[in-house]
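Hello,

Here is the structure I said I would pass on. My notes follow below it.

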Amino acid sequence: MNPILELRNVQAGYGRIGVLHGVDLTVAPGQIVALLGPNGAGKTTLLRVAAGVHPSSGGGVFLAGRDTTRTSPRDLARLGICLIPEGRGIFPNLTVRENLLMMTFTGRSVDEVEEIACARFPILGKRMSQTAGTMSGGEQQMLALARGLATDPAVLMLDELSMGLAPLIVSELYEHVTEIARQGVAVLVVEQFATTVLHTADHAAVLVRGRIETEGPPDELSSELASLYLGSAS
Ligand code: ATP
């Protein structure tokens, strides 16, 4: 299937410091691509470039074949790009309902947004009046996913979904991610630690110091990962 998101030779950095040195990556509808790599490799920067919130200094980003390299984050969101940032994309001091209410900017009614959220994550239905930050970490990530899904994304990008969560909760969240992809959403997942996501992903790429070191089917990569991580620590 043709990719919906395509990064071609993407370069980016902060000031004069280069972080991404020519990254190619594609994600097709219904596919889950895992972008792995050690601390500081540039994974978050890559997601931010794809979402238009950080400028690239070279190369291009294409959405359904259209050059969106200079498109604003707002327009990219309208075109179906959704980034759930590291550290839970929610407002912890607001209630679950208020967090969902904000997503009505997409044109959906509040009832619709709540219905979609509760259909996928029934637990949120019981938490509507609860302050989001007082929920468990897993529930907060469910809320972040529900907020993302309210935008009806074509491309869902998740930054360290598993951060700080118990393995069982992470598996449960990734079951939801698999289900979301099954409905045709292209999913790009960034994780520093590979184990859980490797069971879920269709394709994995390893970013080290701003370059894709290796990529392929996850089961073929697992043995290479340990040495890559050790190799990049120096
Ligand atoms: P992590 O798992 O730690 O988030 P990462 O692979 O996502 O790592 P990035 O967050 O993209 O990596 O960071 C890549 C490099 O860019 C790091 O060296 C980081 O220190 C640097 N960096 C990130 N954000 C900024 C910023 N706002 N200003 C300057 N340098 C930054």
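Start at the ligand. One of its oxygen atoms has a polar side-chain atom of threonine 45 at 2.5 Å. Threonine 44 also takes part: an N or O atom of its side chain is 2.8 Å from an oxygen atom of the ligand. Alanine 41 uses its backbone instead, with an N or O atom 3.0 Å from a ligand oxygen. On its own the ligand has 630 Å² of accessible area, and the protein covers 57% of that. Bear in mind throughout that this is a predicted model.

The shell around the ligand has 13 residues, and Asn39, Gly40, Lys43, Thr44 and Thr45 come nearest. By type, the shell divides into six polar, four nonpolar and three charged residues.

Which helix gives the most to that shell? Helix H1, residues 43-50, does, with three residues. H1 is largely enclosed by the rest of the structure, because six of its eight residues are buried. The buried ones are Lys43, Thr45, Leu46, Leu47, Val49 and Ala50. After H1 comes glycine 52, with a positive phi near 80 degrees.

Next, the interior. In soluble globular proteins, nonpolar side chains tend to be buried together. Here the largest nonpolar core has 44 residues. Leu100, Leu124, Leu143, Leu145, Leu156, Leu158 and Val187 touch the most other members. Take leucine 156 as an example. Beyond four places in sequence, leucine 156 touches Cys82, Ile84, Leu145, Ile180, Val185, Ala186, Val187 and Leu188. Another core, of 29 residues, lies apart from the largest one; Val27, Leu35, Val61 and Leu63 are among its members.

Now some individual residues.

Aspartate 202 sits in the loop between helix H8 (195-200) and strand E9 (203-208). Is aspartate 202 buried, exposed or partly exposed? It counts as partly exposed, because its relative accessibility is 44%. Its side chain reaches the backbone nitrogen of isoleucine 32 at 2.6 Å. Neighbours within four places aside, aspartate 202 is in contact with Gly30, Gln31, Ile32, Pro217 and Pro218. Proline 217 is 15 residues away along the chain, with 6.4 Å between the two C-alpha atoms.

Glutamate 6 belongs to strand E1, residues 5-14. Its side chain makes a polar contact of 3.1 Å with the side chain of arginine 8. Setting aside residues within four places in sequence, glutamate 6 is in contact with Leu25, Thr26, Gly60, Val61 and Phe62. Val61 appears again in the core of 29 residues.

Aspartate 75 is part of helix H2, residues 73-79. It is partly exposed, at 34% relative accessibility. From aspartate 75 to alanine 51 the C-alpha distance is 9.8 Å, and the two are 24 residues apart in sequence.

Two backbone angles deserve a look. Most residues other than glycine have a negative phi. Aspartate 152 has a positive one, near 50 degrees. Glutamate 160 also has a positive phi, near 50 degrees. Where do they sit? Aspartate 152 is in the loop between helix H6 (137-149) and strand E7 (155-159). Glutamate 160 is in the loop between E7 and helix H7 (167-182). Their burial is as follows. Aspartate 152 is exposed, because its relative accessible area of 54% is over the 50% cut-off. Glutamate 160 counts as buried, because its 9% relative accessibility is under 20%.

Last, glycine 138. This residue lies in helix H6. It is buried, with a relative accessible area of 6%. Residues up to four places away aside, glycine 138 touches Leu165, Ile169 and Leu173. Aspartate 24 is 114 residues from glycine 138 along the chain, and 32 Å separates their C-alpha atoms.

If you open the model with one site in mind, go back to the ligand. Threonine 44 and threonine 45 both place side-chain atoms by its oxygen atoms, and alanine 41 adds a backbone atom.

Best wishes

Key. Residues are numbered from 1 along each chain as its sequence is written. This is a predicted model: local features need pLDDT of at least 70, side-chain atom pairs count only at pLDDT 80 or more; totals for chains, interfaces and linings use all residues. Side-chain values use heavy atoms; hydrogens and water are left out. A residue is near a molecule or strand if one of its heavy atoms lies within 4 Å of it. A polar contact is a pair of N or O atoms within 3.5 Å; within protein, one must be able to donate a hydrogen and the other to accept it, and residues adjacent in sequence count only if both atoms are side-chain atoms. Accessible areas come from the Shrake-Rupley method with a 1.4 Å probe; for residues, only the protein chains shown count as cover. Helices (H or I, at least four residues) and strands (E, at least two) are DSSP runs, numbered from the N terminus. Ala, Val, Leu, Ile, Met, Phe, Trp, Tyr, Cys and Pro count as nonpolar, Asp, Glu, Lys and Arg as charged, and the others, Gly among them, as polar. A nonpolar core is a set of buried Ala, Val, Leu, Ile, Met, Phe, Trp, Tyr and Cys residues joined through side-chain atoms within 4.5 Å. Buried means under 20% relative accessible area, exposed over 50%, partly exposed in between (1.4 Å probe, protein chains only). Contact means heavy atoms within 4.5 Å.
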